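User: Please take a close look at one part of this model, the sheets and the helix that lies across them. Describe the strand order and pairing, and then set a helix pair beside that for context.

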Amino acid sequence: MKNARLTAFEILHGVFFDSAYSNLALDSALKDTDSKDKAFVSRLVYGTVERRLTLDYIIAQYLKERTKPKVKTILYLSVYQLYFMDLVPPSAVINEAVKLAGEVGCSYYKGLINAVLHNIDGNRLDLDSIEDLSVKYSCPKSLIDMWTKHYAKENALKILEAINERPPVFAVPNTLFVDTNELAYELLDEGVDCEANGELVIIHSAFDLNKSRAFKNGLFHIEDKSSFECAKALEASEGETVLDLCSAPGGKAFTIAERMNNKGMLYAYDLYEQRAKLIEQGAKRLELKNITVGVNDASAYNPDLPLADKILCDVPCSGFGIIRRKPEIRYKELDSIKELPELQHKILEASSKYLKDGGRLVYSTCTLNKKENERVVSRFIENNESFSLVYDKTVFPSVDGGDGFYYAVIEKKND
């Protein structure tokens, strides 16, 4: 079995130089990682990815020339430990880095790695005094500029202060069986550090879902607080027909179905069969019998779908609201997402055709970008006079709160 730093190195090298996704690469690697090392590997991978621009700045003070990708990866994960993981002694970090160089075929660079890391450790920079926000928060200037333009500097700073924090984990109680306090009791009984937090349970300690008795028994599902609030905004009731048109992995669908008290019909669709199966599995575990799962392209009108009282239209997006969960999202080129608003508008237009007169539709994204949010909704409302905007809401990520999120509540007038 590979040691923790070698595992982290291989994941990070794939992320930085082979366009791998950190969460997928990490999930795959952790299957063959010793249980005692999983938390350490996860922290190394996510932390190094999220702090890459800061690490580049630190390394550049002591290494002016370009170097091999493998050497750069070793320096990245080592400098992250020196600056952001106080429990690891600097001597151990440097010794392990030199050892790792030999393990990945970079023995020639052992001296360089040793010298650079000793210089970095002996001449610590005060990161809090750095005025360049891109370096301080490890976020591309283009993204900071967009947030400042769209939401003002004060809110842009709030976003930046949250994106490198550990995201909270929320458990949604399956109200068919337990309330919030009962779920908290069940989890505490399993040794999970948690507490009731409004309608949710906030979990403070890491735990394995697959080994959780409460999870296996269908007493909860994991869903971010902002997503939960979005699902609530649909105001689905017992006996109604509801469509969730971009549903996988199903968190909002489960919340909606539970709030319907398992009565009525909720049709949950996704573009891909494999992802639709995730919804099916979750609904079965939670014993939600009012969910029917199917495969459907939300961007095209499908006459076989039923008319609905309520519709959730949670469209594909750039994901700039969930950077703290998927840190490499911050490095997306803004030009790479410029086609998204057109797709989002297309999905919203198609979704609206299933809504009954007097019905409610919620359009949502997990991004912070007005081009994907307010502007898509405004365009739709302007072109569809039978629909009106009831209200919309932008949520900024916070240390103890939900992720960055946007949702708009739209209603169809009675003819």
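Analyst: What follows goes through the two sheets, the helix across them and one helix pair.

This is a predicted model. One sheet is open and consists of seven strands, arranged in the order β7-β6-β5-β8-β9-β11-β10. Its pairing is mixed. The edge positions are taken by β7 (291–295) and β10 (387–395); each has a single partner strand, so one side of each is left without a neighbour in the sheet. On average, and with direction ignored, neighbouring strands of this seven-stranded sheet are turned by 15° against each other.

Within this sheet, β5 (residues 241–244) and β6 (residues 265–270) run parallel and are joined by four bridges. T241 stands opposite M265, a residue of β6.

Helix α13 lies across several strands of this sheet: β5, β6, β7, β8 (308–314), β9 (355–365) and β11 (405–412). Relative to β6, α13 runs at about 175°. Angles over 145 degrees count as roughly antiparallel, so α13 is roughly antiparallel to β6.

Helix α13, which spans residues 251–259, also lies across β1 and β4. Its direction there is about 150° to β4. Strands β1 and β4 belong to an open sheet of four strands with the order β2-β3-β1-β4 and antiparallel pairing. In this sheet β2 (194–197) and β4 (220–222) are the edge strands, each with a single partner strand, so one side of each lacks a neighbour in the sheet. Neighbouring strands here are turned by 30° against each other on average, again with direction ignored.

The pairing of β1 (residues 169–173) with β3 (residues 200–203) is antiparallel and rests on three bridges. In that pairing F170 has I202 of β3 as its bridge partner.

The helix pair is α1 with α5. Two packed helices are described by the angle between their axes and the distance between the axes. For helix α1 (residues 4–17) and helix α5 (residues 69–84), the angle is about 120° and the axes are 9 Å apart. The two helices are therefore oblique to each other, and their crossing is right-handed. On the α1 side the contact is made by R5, F9, L12, H13, F16 and F17. The α5 side contributes P69, K70, K72, T73, I74, Y76, L77 and Q81. By class, the residues of this contact comprise eight nonpolar, three polar and three charged.

Methods. Residues are numbered from 1 along each chain as its sequence is written. This is a predicted model: local features need pLDDT of at least 70, side-chain atom pairs count only at pLDDT 80 or more; totals for chains, interfaces and linings use all residues. Side-chain values use heavy atoms; hydrogens and water are left out. Axes are lines fitted to C-alpha atoms, for helices over the stretch in contact, and angles run from 0 to 180 degrees between N-to-C directions. Angles under 35 degrees count as roughly parallel, over 145 as roughly antiparallel, 65 to 115 as roughly perpendicular and the rest as oblique. A crossing is left-handed if the near helix is turned anticlockwise from the far one by less than a right angle, and right-handed if clockwise. Contact means heavy atoms within 4.5 Å. Ala, Val, Leu, Ile, Met, Phe, Trp, Tyr, Cys and Pro count as nonpolar, Asp, Glu, Lys and Arg as charged, and the others, Gly among them, as polar. Two strands pair if DSSP finds at least two bridges between them.
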